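Reader: I would like to learn how to read disulfides and salt bridges in a model. Please take them in turn.

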Amino acid sequence: MFIPRAQSAFKALRSAQPRVRLYFVSKNAYSSQVEYKPIRSVLVANRGEIAIRVFRACTELGIKSVAVYSEQDKMHMHRQKADESYLVGKGLPPVEAYLNIPEIIRVCKENDVDAVHPGYGFLSERSDFAQAVIDAGLRFIGPTPEVVQNMGDKVAARVAAIEAGVPIVPGTDGPVTTKDEALEFCKKHGLPVIFKAAYGGGGRGMRVVRKMEEVEENFQRASSEAKAAFGNGAMFIEKFIERPRHIEVQLLGDKAGNVVHLYERDCSVQRRHQKVVEIAPAPRLPLELRDKMTEAAVRLAKHVGYENAGTVEFLCDESGNFYFIEVNARLQVEHTVTEEITGIDLVQSQIRIAEGMTLPELGYTQENIKPRGYAIQCRVTTEDPANDFQPNTGRLEVFRSGEGMGIRLDSASAYAGAIISPYYDSLLVKVISHAGDLQSSAAKMNRALREFRIRGVKTNIPFLLNVLENQKFLHGVLDTYFIDEHPQLFKFRPTQNRAQKLLNYLGEVLVNGPQTPLATTLKPAEVSPHVPAVPLDLSPEALEREERGEAKVTEPPCGLRDILVRQGPEAFAKEVRSRKNLMLMDTTFRDAHQSLLATRVRSHDLLKISPYVAHKFHNLYALENWGGATFDVALRFLHECPWERLEEMRKRIPNIPFQMLLRGANAVGYTSYPDNVVHKFCELAVQTGMDIFRVFDSLNYLPNLILGMEAAGKAGGVVEAAISYTGDVSDPKRTKYDLKYYTNLADELVKAGTHVLCIKDMAGLLKPEAARLLITAIRDKHPDIPIHIHTHDTSGAGVASMLACAQAGADVVDVAVDSMSGMTSQPSMGAVVASLQGTTLDTGVDLRDVSEYSAYWEQTRTLYAPFECTTTMRSGNADVYLNEIPGGQYTNLQFQAFSLGLGDFFEDVKKAYREANLLLGDIIKVTPSSKVVGDLAQFMVQNNLTADQVLERAEELSFPKSVVEYLQGLIGIPHGGFPEPLRSRVLKDMPRIEGRPGAELEPLDFDKLKQDLKESHANISDRDVMSAALYPQVTNEYLFFREKFGPVDKLDTRIFLTGPKVGEEFEVTLERGKTLSLKAMAMAADLKPNGDREVFFEMNGQLRTVHILDKEAVKEIHVHPKANKAVKSEVGAPMPGTVIDIRVAVGDKVEKGQPLVVLSAMKMEMVVQAPQAGVVKKLEIANGMKLEGDDLLMIVE
C-alpha cells in the first residue's frame, strides 16, 4: 500500500525541518539528546491483523511497509497488504519462523529498512531482539532494550514498581524454572496462586492453582505453553487476588522524558486469563481511583525511563485497592478502544516518537487528552465456545462482516476461501464499537456481530452476544469472575448455518452419489408439479370477519376437527355416526405412497398440496398421514424429522382430523417397548397435531391392543381400535378366522372403550360378500359405534368391496386419490365418489376437485421413479387371495427380492410367502408380523428350501432374527398359539416370553436418554429423545446427518435424490420470506492431497465452494482415518494440532476421563480424555504427528 505521492509529500515536509534537534535531559536515564530523523520504511516483525494495522499507519504517513512471512503464511493477507514482503524461517516450524532474529535483521539490511515494529506477541517483548535491531543500525519502534528487558522480567518490574511507590502483589523474587521451586513457594505462601510466563503475556502459560495436588501438573503445562509461545518456560508465581477488576493504563512516552496517560481500559471479561472483551474507559471506576492509578502508571514509566507506547496493568479489588501486575512494553491487542475514545492513533504516535518527535510537538499534553464516550472491543476468534473454546481450523467457506456507523474492524485473513491454520493464534477479527455511552456502544457491537456470517469454522460470536446482552455487563458491573459466575453465557442460540450445510449436501451427492438408496436405476423426472390454486375469499363479509379478528380470508372452511377440538372424542364419534352419507379417509399422505412408492414421499411434496386439501376436502373424515413405516423411513432414508412433518402439516391443514397408524404396544416400531414409551409417544403425537389413533396389533393380540388404546385415550386422542383382517369369512372352509372370531374381537374392543371400530384389511382380502357379512354382523351388535374400513386394491376388487361395506352400514372407508390408488394402494377416491353421486351415501366430494388433486400427484409421482412399484408390478393381481401379502409389504418385498438378487424369482417368493405363513401357524400378517413371514419366505427362496425341509432341518438352520424373536413371543401371542414342533426345534433352550412382552420391560429413563444424546449432539429436543427411544441407532445417525447437512427436506425432490445438473439454477425456500437462489457451477477434476474434491456453486449471485471427500478416489491414496462420532469407542482429535504426548499404550486399561493424549495447537495445549472406561485396542497416532480435527486417535473398547 505504498503511495509514491504521499511519500514524496512527506519527504518534502521533512526536508524542510532540521535533521537534528537536541534536548538536554538530566534525570531518569533518558538520553541527553534527542535526534529527529524521519523514517522512510518500516518492517513489521509480526503477522496477521497487527501487521496490517501497522502497514496502514505507515501508508498514511507516506512510509514504505515491509512484511515478513513464514512458509505457512504464504497465502496470508498481511504479506499482500505490505509494499514488500519477504519469506523468513524456511524449513522452520511456523512459530519459530517469526522468532528468527538473524533472518529478520538480514531482510532489513538487504532491503533498505529504517525501522522495525514488533507488533505484539512473538519478539515484541524480547530485549535481545530490540538490541539486535539497534545494533544493526536500525530503529526499534518501542521502548529501549533495557526497558524491554526490565519490564519483561516480572521480577525486575516488581522491583521497579516498589522503587516507584506503586503497590504490588506478593510473589516470587525471581523466575521459577522447576516444579520443586513452585511447590516450595506454594507451601510457604499458601494457595491460591497464579503461574505466569516470566517472558511473555497474553494469557499464554498462565494457570490459577487452588489445590496442592494440582501444582506439579499445572506448572508443567504452563511452562510448556510458555516455552512454545515465548521461547522460555520460566514462570513467575504470585499470590492470587480474588474477585479483582483488571484495569490497565495506556501510556505514551517520548525520548525527552515526557509521559502522558491515555486513560484506562477495563479488561476484566476474561476466560482463562485471556481477554475476551475490553472496554474504555473502565465503567463505574471512581474518578479518585482512576486518578491514583493513572498517576501511579505515569510515575512508574518516568522512573524506568519509558519511551514509546506501553501499558501498566493493575488488579483492583472490591475495596478500591489496586496492585501492580506488570508492564507490557509494547502495543497491545486492545489498543483500539483507547484510540477510539481519545482520537489518538497509537501506531502513528509510536512511529513519530521513534523518529524523535516529542509529545508536545504531537499535541499530546495531558490536559489536551480527553476521553469521549465508550468503546468496546470484541475479539472474534475461531474457537468453539460450546466445546470448551477449542480452536477450530479449516477453510472460511463464507465470510460476511458486520459494519456501519460506530464500528471498526481490524482483521487479516478474514475472507471467503481463507485457511485458518492450527499454527497461530485463533484471532480472526477485532470488532470495535464506539458510542456516547456503554449501552449504546454495546448495542452497536451486538448489531454488528449479528450481521457477521462466518461458515466453515466455528467462532465465539454466540458467546460474545451473550456477554453483550448480560445486564451486569451493560451496567459495567465487572470483575475477572464475570464469565465463571455466569453459566448462562454458555447457553447458545443454535446457529443454523442452513445454506452452507445444504451446499455440503449437494456437493456430497454430486461427488459421491445419492445419499438415500435408490431402488432402481430409473431417474426422477425433470418436472415441477403444478400446485392447484387455493381459493381466497375476498368478499366484504370475509374481510369484515378478518377485521373483527375472526377467521382470516386465507383460512380453510371448518371441518370435522372443529367438533373434536371443541367437544372431544366422544362427541366426534357421535357426529360421525350421525351422518347418513359415506365419509372418506384419504390415505394419499401415507399408506398410498407406502404401498406404491416404498414410503419414500417427502414432506416437501406433501406440504405443497396441503393447503389445497384443507380448502377442497374439508368434509373428509380424516387424512391418514403419519405413523407406521413413514416414521422410521423419514429418519432413515429421507433424513427428515417425522415430528416436524406432522407439525408442518397441521399448520397447513388445521381443519381436517389427522389419523395415524399405531402398532399397539409396538408404537411405530417393530418390537415391544416399555409401557411408558408408548404412553409418552402418544402424548407427544397429540401435542404435535395428531387426532385419531388407529390402534392395531400385528397378531390381534388383545393385551397389546388395549395398551395402545389406553395410551392414545389418555393422551386425548380419538381411539380407533382396529381388527386386522385375514382369511375369508364368506368361505365356510376357512374356520380359523371365522365371523365369530371377528365379532368376539369387536365386542372386546368396544368393551375396552374404543371410540371408533376399524376393520383393517391390510392385504385386500375382504371380498364384497365377505364385507357384507362382516359389517352387517358388527353393525347389528353395535349400532352406535362408528365403523371404519381399510383395504388395499391389490386384487382390483377394492372399490366393489368398499361400496358393499358402505351399503352394509360402514360409516367411513379408506380411499386414495386416483393417481395414487389401485394395485397395492387403496381404492380410487374418484371411483367411489362417482359411484355414490346422487345416492343417500353421496360423499359430498366434488369430482372436479378430485381431478385437480389427482393431477398434482400424477406429476409428483414421476419424481419418485426410482421407487415406482410399476417397475416390477404392472397391474393388480388376484393371487393375493392365495399368498395374502399385505399391500404395504407387497412392493417392498418386490424391491427387497431385487436387491437380494431374487428379482427373477419373485413368483417363487410369493409362493414361499404362503408356505411360510402356514409354517408359522397361519397368522395375522401386518407389520411387524408380516415382516416375519416375508423374511422367512426370502430365506426359503435364497436357500432353496421347501416348507417340509424347513421343518425337518429347523434345529440346524440359522433363521432370520425376526423369525426367532416371533417364536420367542417378543411381538405377542398369535391366535391359536405358536406352531409346534417348529417353535421348539428353532428355539431349543432359548428363553420364551409368555404374555404381553412389554409387561416385562423396565420403564425407560427419558432423562438419562436425553443426557446421553446431549453428549453426542447439540440442541436435543424431546422429539429427538422420543425418536431415539423407538429407533436408537437410526435416530443417532439422523442427528449426525442433520448436523452435517442441515434441512435437506427443503430441497426439491429431484435435487434431493440425484443432485442438480451442472449449470442448473434452482431455488430453496428455507422458511417463509427466506429463499436461496442456487446454481451448480462445476466440480474440480483434480483431487486435493487429502482426497477432497472442490465443488463450485453460486448462491444468491455469490460464488461458494465446498470441499467434499471423494470416497471412491480416496481409496487410492493414504488418508488418516476419521473417528466415527456415532461409535463411542473411537476417540477423535477434538481439534487440529500436533501430538506432543501419548500417555497410554495398546492394552492399557483406562477409566472414563483419564488423560490419553496431549495435543498442541494455536499455542494452546489440550488433554484428550477417555470418553468411556475400557481397554486401548488400537493406537493410530505417534508423537509429533500433525492431525486434523476428528482424526482417529485410538480405539477404547
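Author: The turns below go through cysteines, then charged pairs. This is a predicted model, where local features need pLDDT of at least 70, side-chain atom pairs count only at pLDDT 80 or more, and totals for chains, interfaces and linings use all residues. Residues are numbered from 1 along each chain as its sequence is written, and side-chain values use heavy atoms, with hydrogens and water left out.

Reader: How many disulfides does the structure hold?

Author: A disulfide is a covalent bond between the sulfur atoms of two cysteines. The cut-off is a pair of cysteine sulfur atoms within 2.5 Å. This structure holds zero disulfides.

Reader: Why is C378 without a bond to C267?

Author: The closest cysteine sulfur to that of C378 is in C267, and 12 Å is too far for a bond. C682 is also in no disulfide, its nearest cysteine sulfur, in C758, being 16 Å away.

Reader: Is C682 buried or exposed?

Author: Buried means under 20% relative accessible area, exposed over 50%, and partly exposed in between (1.4 Å probe, protein chains only). C682 has 0% and is buried.

Reader: What about salt bridges?

Author: A salt bridge is a side-chain nitrogen of Lys or Arg within 4 Å of a carboxyl oxygen of Asp or Glu. The structure holds 82 of them. One joins E485 and R243, at 2.3 Å from N to O. Both residues sit in loops, so the pair ties together parts 242 residues apart in sequence. E485 is partly exposed at 40%, and R243 is partly exposed at 25%.

Technical notes: Helices (H or I, at least four residues) and strands (E, at least two) are DSSP runs, numbered from the N terminus.
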